[in-house]
Amino acid sequence: MSEIGEMIRVDLSYCPKCGRLFSKNFRDVCNNCHADLEKEYERCADHLRKNKGMDIQQLSEELEISIKQITKWIREGRISLLDAPNMSYPCESCGVLIRDSHLCDSCKKRLQRDVKNANTSGMLQHNPDEDRNRGAYRIGDRPHERGK
């Protein structure tokens, strides 16, 4: 295509924070809400640097920033837990507080066990070797109805 004929795709969406229509090409929120979130992040990181012994609940309550948002910044690596010994965030499955990953050890083990069990039961339900021995119909194999 020529430069003039090239189409630019614009993904429009409503901002989940303020409801304004915006171009969702780079961010999940509009520019205004992104700027507000950056200010909240700076406040949060600064507050945590000054109060290293805080936990996520205290930080959330004092700054009026959701635990979900603080957790997002931790998972993005924007807030480090190295100098915050009491800081942890909720497991995505059960909500118990953890310091790394997305799941606590208990939920990881349960998920691994469930996957293993699903694979085992899936193998018993479908054996590809049995498919070779089983008769299969194709469209051309159907017997023709009489009288038509």
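## Group meeting: a walk through the model

Let me start right after helix α3, where Gly77 follows with a positive phi, near 85°. Please keep in mind that this is a predicted model.

How confident is the predictor overall? The protein averages a pLDDT of 83, and 78% of the residues score at least 70. Among the elements, helix α2, residues 56-63, has the highest mean pLDDT, at 97, and helix α5, residues 128-133, has the lowest, at 56. Please be careful with residues 136-148: pLDDT stays under 50 there, and the model gives that stretch one contact beyond four places in sequence.

Now the general layout. We have five helices and four strands. Reading from the N terminus, the order is β-β-α-α-α-β-β-α-α. The protein has 148 residues, and 22% of them count as buried. If you take the contacts with a separation of 6 or more, 22% of them are between residues 24 or more positions apart.

Back to helix α3, then. Which of its residues are buried? Gln69, Ile70, Thr71, Trp73 and Ile74 are buried in α3. And what covers them? The cover includes α1, α2 and the strand β3, at 89-90.

Let me stay with α1 for a moment. Helix α1 covers residues 31-50 and helix α3 covers residues 67-75; the two pack at an angle of about 80°, with their axes 11 Å apart. At that angle, α1 and α3 are therefore roughly perpendicular to each other. If you have the structure open, look at Leu37, Glu40, Tyr41 and Cys44 on the α1 side, and at Gln69, Ile70 and Trp73 on the α3 side, since these residues make the contact. By type, they divide into five nonpolar, one polar and one charged. Gln69, Ile70 and Trp73 appear in this contact, and they are also among the buried residues of α3.

Next, the cysteines, which I expect some of you will ask about. How many disulfides does a search of the whole structure find? Zero. As a reminder, a disulfide is a covalent bond between the sulfur atoms of two cysteines. The cut-off used here is a pair of cysteine sulfur atoms within 2.5 Å. Take Cys18: the closest cysteine sulfur is in Cys30, 3.7 Å away, and that is too far for a bond. Cys18 counts as partly exposed, because its relative accessibility is 35%. Then take Cys104: the closest cysteine sulfur is in Cys107, at 3.5 Å, again too far for a bond. Cys104 counts as buried, with a relative accessibility of 8%.

One more cysteine deserves a look, and that is Cys33, in helix α1. Is Cys33 buried or exposed? At 8% relative accessibility, Cys33 counts as buried. Leaving aside residues up to four places away in sequence, Cys33 touches Cys15, Lys17 and Cys18. For Lys17, the two positions are 16 residues apart in sequence, and the C-alpha atoms of Cys33 and Lys17 are 6.9 Å apart in space.

Further along the chain we come to Asp105, which lies in helix α4. Asp105 is exposed, with a relative accessible area of 53%. Asp105 and Cys91 are 14 residues apart in sequence, and their C-alpha atoms are 9.4 Å apart in space.

Finally, some backbone details, which take us back to where I began. Gly77 has a positive phi, but what about residues other than glycine? Glu64 is not a glycine, and yet its phi is positive, about 55°. You will find Glu64 in the loop between α2 and α3. Glu64 counts as exposed, because its relative accessibility is 72%. Ser101 also has a positive phi, near 70°, and is a residue other than glycine. Ser101 is in the loop between β4, at 97-98, and α4, at 105-125. At 33% relative accessibility, Ser101 counts as partly exposed.

To wrap up, here is what I would like you to take away. Helices α1 and α3 are roughly perpendicular to each other, the search finds zero disulfides, and pLDDT stays under 50 over residues 136-148. Thanks, everyone, and I am happy to take questions!

Technical notes:
Residues are numbered from 1 along each chain as its sequence is written. This is a predicted model: local features need pLDDT of at least 70, side-chain atom pairs count only at pLDDT 80 or more; totals for chains, interfaces and linings use all residues. Side-chain values use heavy atoms; hydrogens and water are left out. pLDDT is the predictor's confidence in each residue, from 0 to 100. Contact means heavy atoms within 4.5 Å. Axes are lines fitted to C-alpha atoms, for helices over the stretch in contact, and angles run from 0 to 180 degrees between N-to-C directions. Angles under 35 degrees count as roughly parallel, over 145 as roughly antiparallel, 65 to 115 as roughly perpendicular and the rest as oblique. Ala, Val, Leu, Ile, Met, Phe, Trp, Tyr, Cys and Pro count as nonpolar, Asp, Glu, Lys and Arg as charged, and the others, Gly among them, as polar. Buried means under 20% relative accessible area, exposed over 50%, partly exposed in between (1.4 Å probe, protein chains only).
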